[in-house]
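I set out today to look up a few strand pairings and some surface positions, and I keep my notes here in the order in which I checked them.

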Amino acid sequence: MALLLGCIADDFTGATDLAALLSRSGLPVSLRIGVPPTKRDESDASVIEVIALKCRTSPVQSAVEQARQALDWLKDAGATRFFWKYCSTFDSTSEGNIGPIAEMLMAQTGAEQTIYCPAFPENGRNIFMGHLFVGEQLLAESPMKDHPLTPMRDSSLVRLLSPQVRGKVGLASRVVVSEGPAALKARLERFKEDDVQHVIVDAICDDDLRTIAAATVDMPLLTGGSAIAGQLPRLYVEQGLATAPDTHKLLPHVGGGQIVLSGSCSAMTRRQVADYTAHSAGLKLDPINLSKQGSAAACLWLRQQPADTGKIIYATAEPADVHQAQERLGREEAGQVVEEALSEIAREAFQRGIRRFVVAGGETSGAITQALGITHLTIGPEIAPGVPWTFTEVDGEMIALALKSGNFGSETFFTDAFARLEEA
Ligand code: ADP
């Protein structure tokens with residue numbers, strides 16, 4: 001099938017979130033883990049491709065190079081419209097990867113201008129006057145200020161993006177968005193005349209997203225969160241580019257036991273871990289111990305648990321404990337030892353017959369999918385907004401994976417996830 005949209009996501013849970021929202025339309029969406037080594041199969045039925053990279057915190061040059069390879073693959077597969085997906089909390093380091101990748105993609109796709117819209121109103125991420133809010137808190141006053149890898153200490157998207165790009169940055173505020181697609185289009189045109197290439201666009205509700213998508217659907221490159229992308233398939237159907245799909249999907253059967261693996265220290269994950277450990281077997285990992293002794297003790301603990309009962313292994317910790325581990329080991333090393341340990345534990349779990357995995361944390365999900373050698377995922381039912389069950393084969397065995405980004409899902413997410421799989 002001809003490709004309608006080629007998407008590049010900067011981490012794995014971001015990619016599954018994006019694929020979930022695009023899939024709500026019923027249009028077939030394919031999710032690749034990393035850039036596929038071979039060309040796209042011409043008989044592939046999907047009309048949207050999402051490539052998951054793990055470049056959110058990579059050095060800029062390496063991140064840009066990964067995105068360039070993803071773009072080349074998507075172009076080769078026939079895509080002419082592209083979407084650059086990053087987190088709804090604009091997670092990036094001060095050197096930033098969001099802006100440099102956007103500028104490379106603009107240059108390579110001939111886009112003179114693009115928009116930046118990470119808003120996800122359904123999950124409480126809104127942009128007003130260029131400032132990003134998490135619920136009712138400004139980004140820099142939300143728990144994101146303590147993120148282990150990308151602490152967000154400013155809430156102004158204009159200020160965050162400006163040092164990351166060479167071109168001019170502008171803001172299309174809610175005032176213009178509320179006037180509808182024609183007004184927004186006219187504002188973008190005026191920005192273009194003033195040489196403003198990068199436009200942050202406010203959005204505080206799904207109606208705003210509909211306006212923004214209607215005004216920008218024909219741009220070669222759009223950037224933002226999954227929610228703005230989720231508006232695009234409907235417009236493609238309206239434009240006659242795709243036919244209204246059959247939304248009934250048959251899900252594969254997945255047997256075997258279950259496990260939750262969490263390397264996320266985000267506020268919501270901390271609540272989810274507390275909720276789940278109240279009634280399931282749990283093992284807490286300590287990065288300092290892991291750096292000395294590795295994951296052998298955790299693998300032993302896992303071998304002692306029955307396969308099919310609820311269990312969780314987690315490094316999830318309070319900000320003060322994360323800080324302490326980072327002081328001792330360094331920020332990168334602390335993250336690395338946890339990701340390596342959880343990857344080894346995931347492989348052990350698979351060998352022990354576990355087939356249902358819930359993973360919390362974007363970077364953590366990247367590490368675990370790579371460790372399991374996963375390259376292609378089919379998107380299944382959503383557990384919570386932006387978190388679907390996904391299915392894939394590992395060594396010829398079907399497994400189910402839910403990859404949850406830090407602050408997504410409600411307190412009972414882990415329990416809800418396994419229950420949702422039973423219903424499916
Ligand atoms: P989120 O989706 O919440 O941002 P990520 O997995 O993307 O979660 O990022 C969390 C990072 O914190 C990972 O690199 C993980 O290895 C690291 N980490 C997890 N637990 C700890 C801990 N106790 N101390 C220090 N770093 C940790």
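How many bridges join S4 to S11, and do these strands run parallel or antiparallel? I looked this up in what is a predicted model, and I found that 4 bridges join S4 to S11, with the two strands running parallel. For one point of contact I noted that Phe-82 stands opposite Leu-221 in S11.

I then turned to strand S5, which covers residues 114-117, and found that it also runs parallel to S11, to which 2 bridges join it. Here I recorded Cys-117, whose bridge partner in S11 is Gly-224.

Next I asked which way the residues of S11 (residues 221-224) point. Leu-221 and Thr-223 point one way from the strand, while Leu-222 and Gly-224 point the other way, and all are buried. I reminded myself that in a regular strand the side chains alternate between the two faces of the sheet.

From there I moved to the loop between helix H2 (60-76) and strand S4 (82-85), where I located Thr-80. Thr-80 counts as exposed because its relative accessible area is 58%, and exposed requires over 50%. I also checked Thr-80 against Ala-19, and noted that the two are 61 residues apart in sequence and 18 Å apart in space, C-alpha to C-alpha.

Last, I looked for charge on the surface, and I found a negative patch formed by Glu-332, Glu-333, Glu-340 and Glu-344. I placed Glu-332 in helix H14, which spans residues 331-351, and I entered Glu-332 as exposed, since its relative accessible area is 68%.

Terms used. Residues are numbered from 1 along each chain as its sequence is written. This is a predicted model: local features need pLDDT of at least 70, side-chain atom pairs count only at pLDDT 80 or more; totals for chains, interfaces and linings use all residues. Side-chain values use heavy atoms; hydrogens and water are left out. Patches are made of residues with over 30% relative accessible area and no salt bridge: like charges are joined within 9 Å, nonpolar side chains (Val, Leu, Ile, Met, Phe, Trp, Tyr) within 5 Å. Accessible areas come from the Shrake-Rupley method with a 1.4 Å probe; for residues, only the protein chains shown count as cover. A salt bridge is a side-chain nitrogen of Lys or Arg within 4 Å of a carboxyl oxygen of Asp or Glu. Lys and Arg count as positive and Asp and Glu as negative; His and the chain ends are not counted. The place of a charge is taken as NZ of Lys, CZ of Arg, CG of Asp or CD of Glu. Buried means under 20% relative accessible area, exposed over 50%, partly exposed in between (1.4 Å probe, protein chains only). Two strands pair if DSSP finds at least two bridges between them.
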